[in-house]
Amino acid sequence: MIDCSGKVVVGIDVSADFSYFCILGPNGKKFRKSFRVNHEAEPMERAALTIRKAEEEFSTKAYIFMESTGLYHFPLFCFLKELGFEVFVINPLITNSTKIQE
């Protein structure tokens, strides 16, 4: 189990050509509105800068979580790791099993 208390948490929903990012502050509130990022150099760099801004604002490191999506998540995972972010890949079967049942 990863303790995310006091951290910026980033959830990334990965697809083939783009991803959606949601950044939460340590208080659990959105840092900004969720946003779409195309899997190209410039948009990914802007997304990384946005994560850095959240880290600076809250004076803490970000923990980034993304679902394993075959090969689609891998370039984004490597890009973020190379920038020094803490990135975790989650099995989608596990995340699906934790959904609240209605």
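Two residues are in contact here when their heavy atoms lie within 4.5 Å. With that in hand, look at Ile-51: leaving out residues up to four places away in sequence, Ile-51 touches Val-10, Phe-21, Ile-23, Ala-62, Ile-64 and Phe-85. Keep in mind that this is a predicted model. Below is a quick tour of Ile-51, the nonpolar core and the salt bridges.

**Ile-51 and its surroundings**

- You'll find Ile-51 in helix α1.
- Ile-51 has a relative accessible area of 0%, so it counts as buried, the cut-off being under 20%.
- One of its contacts is Phe-85, and the pair sit 34 residues apart in sequence, with 9.3 Å from C-alpha to C-alpha.

**The largest nonpolar core**

- The largest nonpolar core has 22 residues, and the ones touching the most other members are Val-10, Ile-12, Phe-21 and Leu-80.
- Strands and helices both chip in: β1 (8-14), β2 (18-24), β3 (35-38), α1 (41-58), β4 (62-67) and α2 (73-82) each give at least two residues to this core.
- Helix α1 hands over the largest share, five residues.
- Two of those well-connected members, Val-10 and Phe-21, also turn up among the contacts of Ile-51.

**Who Ile-12 meets**

- Setting aside neighbours within four places in sequence, Ile-12 is in contact with Ser-19, Tyr-20 and Phe-21, among others.
- Further along the chain, the contacts of Ile-12 include Ile-64, Phe-65, Met-66 and Glu-67.
- Leu-76 and Leu-80 are also on the contact list of Ile-12.

**Salt bridges**

- Side chains carrying opposite charges can pair up when their charged atoms come close.
- How many salt bridges does the structure hold? There are two.
- One joins Arg-46 to Glu-42, with 2.9 Å between the closest N and O atoms.
- Arg-46 and Glu-42 are four residues apart in helix α1, so about one helical turn separates them.
- As for accessibility, Arg-46 is partly exposed at 46%, while Glu-42 is exposed at 53%.
- The other links Glu-55 with Arg-52, and here the closest N and O atoms are 3.0 Å apart.
- Glu-55 and Arg-52 both belong to helix α1 as well, three residues apart, which is about one turn of the helix.
- Is Glu-55 buried or exposed? With a relative accessibility of 8%, Glu-55 counts as buried, whereas its partner Arg-52 is partly exposed at 25%.

Methods:
Residues numbered from 1 in each chain as written. Predicted model: local features only at pLDDT ≥ 70, side-chain atom pairs only at ≥ 80, totals over all residues. Heavy atoms only, no water. Core = buried A, V, L, I, M, F, W, Y, C linked by side-chain atoms within 4.5 Å. Buried < 20%, exposed > 50% of the residue type's maximum accessible area, 1.4 Å probe, protein only. Salt bridge = Lys/Arg side-chain N within 4 Å of Asp/Glu carboxyl O.
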